[in-house]
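Colleague: Could you take me through the salt bridges in this one, slowly, as if I were new to it? I'd like to know who pairs with whom, and where the partners sit.

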Amino acid sequence: MSDVEVYGIRHHGPGSARALRAALEDFKPDAVLIEGPPEADPLVELAGDPEMVPPVALLAYSPGRAATGGDDRQAAFWPFAEFSPEWQAIRYALGAGITVRFCDLPAAHQLVPPDGEDAPDAKTPDAQRPGAEEPGAEGPGAQGPGTERPGTQGPGTEGPGTKRPGTQGPGTERPGTERPGAKEPGTERPGTQGPGTQEPGTEGPGAKEPGGEEGIRSDPLGWLAKAAGYDDAERWWDDVVEHRSEGPSPFSAIAEAMAELREQLGPEEGDAREEQREAHMRRTLRRALKDGYERVAVVCGAWHVPALLAKVPASRDDQVLRGLPKAKIAMTWVPWTHGRLAGRSGYGAGVRSPGWYHHLFTARDRPIERWLTAAARVLREEDLHVSSAHVIEAVRLAETLAAIRGRPLAGLDEVTEATRAVLCEGADLPVELIQRRLVVGERLGAVPERTPMVPLQRDLQAEQRRLRLKPSALDKEQDLDLRKPTDLERSRLLHRLRLLDVDWGAPAEGGRSKGTFRETWTLAWRPEFDVELIEASAWGTTVRGAATARAKALAAHAAALADLTSVAERCLLSDLGEALPTVMHALADRAAVDTDVAHLMAAMPALVRALRYGDVRGTSTGPLRTVVDGLVVRICVGLPPAVSGLDDDAARDYLGHIDDVHGALSLLGHEGHIERWRRTLENLIARPDNLHGLLEGRLTRLLLDAGRLHDVPARMARAVSIGAPPDRAAAWVEGFLSGGGLVLTHDEALLRLVDDWISDLPGDSFTDVLPLLRRTFGAYAAAERRSIGEQVRRLDNASTPRPTTDTLDAARAAPAAETALTILGWTP
C-alpha cells in the first residue's frame, strides 16, 4: 500500500530546510515531488554537480520571442539558496539515488495569463525592467520561494499589469502581472511569500476580526502568531520553526494549522491560478503513484498542504486543467545572489536577511558566538577597534535579551541590538556595514559548465576567463590602462556589453578619467544579465558579432543626429570596425541634410571624443574626421542667425550647446577649428543687440579666458549700468559667471563692478534678480563662495594693504616652477 507524506515548508527558511532534511531521512521515500516547474525535470540532476554552488535559480524563458528580438519577452525565475527546503530536498534525493520531480503548474502555462486576462504589454518603463526596484517592495522577512511572476518581481521579466489573487507559489507569478511592492489578498501565505510577512501599507495580524476572509488570505501566519501571543508574525515563525535545532517534526502541526485556516476561509472563488496549480500538484502525485512509487514525499508551500491531502476526483482536476494556453519555453540554471533573495530587492518571495539565514543553516553549533565574531571581523577590516572582550559582552547581551523576551535563541533583532550597543558603541554606520556585508551578504552562486546556455552566454564566459574578469555580486572598481593590451581588451568587452544593454560595468565620469589612457569601471554582476544575454542572442552568437549587429540596427533606426554620433562613439570604444562604415554612412547622410544648428552642436561632443580616444585605441578615424570638419564649418556659419532673438528657455538651451562645442573643440586641439570658432564668437558679441544677455555674458567669458578680449571691465560696466534692464543685467552676469567664480576672486575690478551693481539696485529690482543671482552663485563650490565673500569684505577696507608693484623672487619660485613643468610633462 502506498504511503504519501506532504511537507508544508516556508521557502528560504533554514529551520524548515533542516527539519525537512531530517524528515526525509526518517521517511526514506522512493520519490520526491517538489513545488516547481515540471519542465525542469531534465535539469534537476545538475543540482548534484559539485560545480553547482547555491544560490542559483531555474530560469524559464520564451526562446522564440528572444530569438526574434520581440518586445513581449517573458521570463521567470525559481531561486534556491543553500538554506531553501526545496534545495535540501533535491540534494537529498540525488544523494540517495531516488527520483525527484517538480509538480507545480508547468511554466509553459504560467508564462501565459489565465483566460480573460490581457497579455502583457510590450516594453515596460524602467521601473518594471529586469531587476528594477520600487519603493514599498520590501516586507519583513519575506514572501516565499520562487514566487516571482515573470515581469514583476523577478529580474529579467517585463510587462505591466495588476496582480491577481492566487498566484503565489514558486514561479507562479504570471508575466507582467505585478510590480514590486504590489499587494493582493493571499500573497503572504506560508510557503508562498513567507510566514507572516506583509508589505508596507498592507493589513497585519488583527487588521480584520477573526473570521474575516480577507484577513486570513492576506496574512494567515499573522493570525497564528496573534493566537500564540506574538505581535510579530516573523518573530513567531522564527521562534517555532527557523530557530529550532531539535525536537519533533513541525510538519504535522503546520499542516493542521493550515487546514484550520483554510477551513475558516471557506471555499475560494475566483482564485483560478491557485486552483490550477493545486490541481496539477494532485495530478503529478497520482501519476507518481501510478508509476509504482510506494513512498512519495511532496514538498510544497504550507498553504497548499490541505489541498493536496484533500480527496478531489481526478476528473475535476482534469476539468480545471483542460485547455490551458501554453507558450513555448526553455529552461536552464543561472547563478543567483543573496541580494536578489532579499525582500528589499523587490523579489516577492524574498527574505529579510539571507546572510543571517545562511549562517543559521551552516553554523550548527554556537551560531550567536560565530555570528558576532564574524561581525567583529568585518569591523576590524574597516580599521575599527573591536576586541575579544567586545565580542564576549555582545554575546552575553544578545542571550540576555533573548531570555527576557522568552525566545529559544537570540534572533537577528537581538544580535543586531547587541552589535549596535557593544561592538559599534551606539553608532549606526558600522551597523549598516554589517547589515550589507553579513545580514544580506552578496554571495554569488555558480552553475556547472555543462549547464544549457545560448552561444552568446558561452562566448562571454570564455571572454571572462581569457581576460581574467571574474563576475562578482559585490561592486568592484576596475581601473584600466588602455596602453596595456589586456586592459584595452577588457574595455572593449565592457563597451560591447553596454551596446547589448548588459550593463555589467558602469563607467565612471563618462567612461574614462581625465587622462586619455585610463578608464575606471564599477563591475557588479546581476542575475538578470543572463536573461538580457538570452535576449541579445538575437543579434549574434558572440559578444563582438552581436554588438556589431546591434550597432548597425541602432544606426538604421536613430531618430536624431546626436543618437548617430553616440553610436559612432560607442563603435570606436568597442572596436567594432565592421559596423563603423554603416554607422558613418548613416551619420554623413544625416549630417548633410540636417539644418538645425542645435542638432549639429549636440552631435559634436560625441564625435570629438570618438576622434580623440579612437586614436588611443588604434582605431581608424579618418571618415569621422571628415564629418567633424564639415560640422564645424556649418555650426560657425549657422550659429549667428540661430541665436538671434531667443527667449529665456531657448537661450539656456543654446548656452549648454555652446559650452559643449567649446569644450569639444578644445579637446580636439585643431587650431584651425578653434580659430574659426573664436572668430564666430567675436562677431556675435560685436553686435549684441539681438543677443540674449545670458549668451552675451557667456561668450564674453569664453573670449576672456581665451585671451581675446581686453575690455571686459568696460563691457561688464555697460551690461550692468543703470540704463540696462535688471533682468538682462542679471542674465549677463549669470552667463559670464556660469563657468565658475574664480575669475571674481582674481580680478578685483570685475568683482567691484558686480558688487556696485548689486548695491545700487532698487528694492523691487533686487527682488526680481535675486533668484537669478542665487542660482548663479549657488552652483559654485563652497570654497569659491567663501573666497568671493572674503574678497567682498575687503573691497571697502581702506586699511587693507594692497601691493603696488609685482615683486617676484625668481630664485625662490624656480623649484616650484620646475615641479609644475614636470607634472605637466614639459621638460624644464
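Modeller: Sure, let's start with one residue and work outwards. Asp501 is partly exposed, with a relative accessible area of 34%; on this scale, buried means under 20% relative accessible area, exposed means over 50%, and partly exposed is in between (1.4 Å probe, protein chains only). Before going on, keep in mind that this is a predicted model, where local features need pLDDT of at least 70, side-chain atom pairs count only at pLDDT 80 or more, and totals for chains, interfaces and linings use all residues. Residues are numbered from 1 along each chain as its sequence is written, and side-chain values use heavy atoms, with hydrogens and water left out.

Now for the partner. Asp501 forms a salt bridge with Arg550, at 3.2 Å from N to O; the term stands for a side-chain nitrogen of Lys or Arg within 4 Å of a carboxyl oxygen of Asp or Glu. Arg550 belongs to helix 21 (residues 543–556), while Asp501 is in the loop between helix 19 (485–499) and strand 9 (505–507), so this pair ties together parts that are 49 residues apart in sequence. Helices (H or I, at least four residues) and strands (E, at least two) are DSSP runs, numbered from the N terminus. Unlike Asp501, which is partly exposed, Arg550 is buried, at 16% relative accessible area.

Next, look at Arg526 and Asp475. Their closest N and O atoms are 3.4 Å apart, and the two form a salt bridge. Here both partners are in loops: Arg526 in the one between strand 10 (518–523) and helix 20 (528–536), Asp475 in the one between helix 18 (455–466) and strand 8 (476–481), so the bridge ties together parts 51 residues apart in sequence. Asp475 is exposed, with a relative accessible area of 56%, and Arg526 is partly exposed at 25%.

Then there's Asp711 with Arg715, whose side chains meet in a salt bridge at 3.0 Å, N to O. Arg715 is buried, with a relative accessible area of 19%, whereas Asp711 counts as partly exposed at 32%.

Some salt bridges also share partners: that is how Glu463, Arg466, Glu489, Arg492, Arg544, Asp575 and Glu578 are joined into one network. If you're wondering about the total, a search of the whole structure finds 43 salt bridges.
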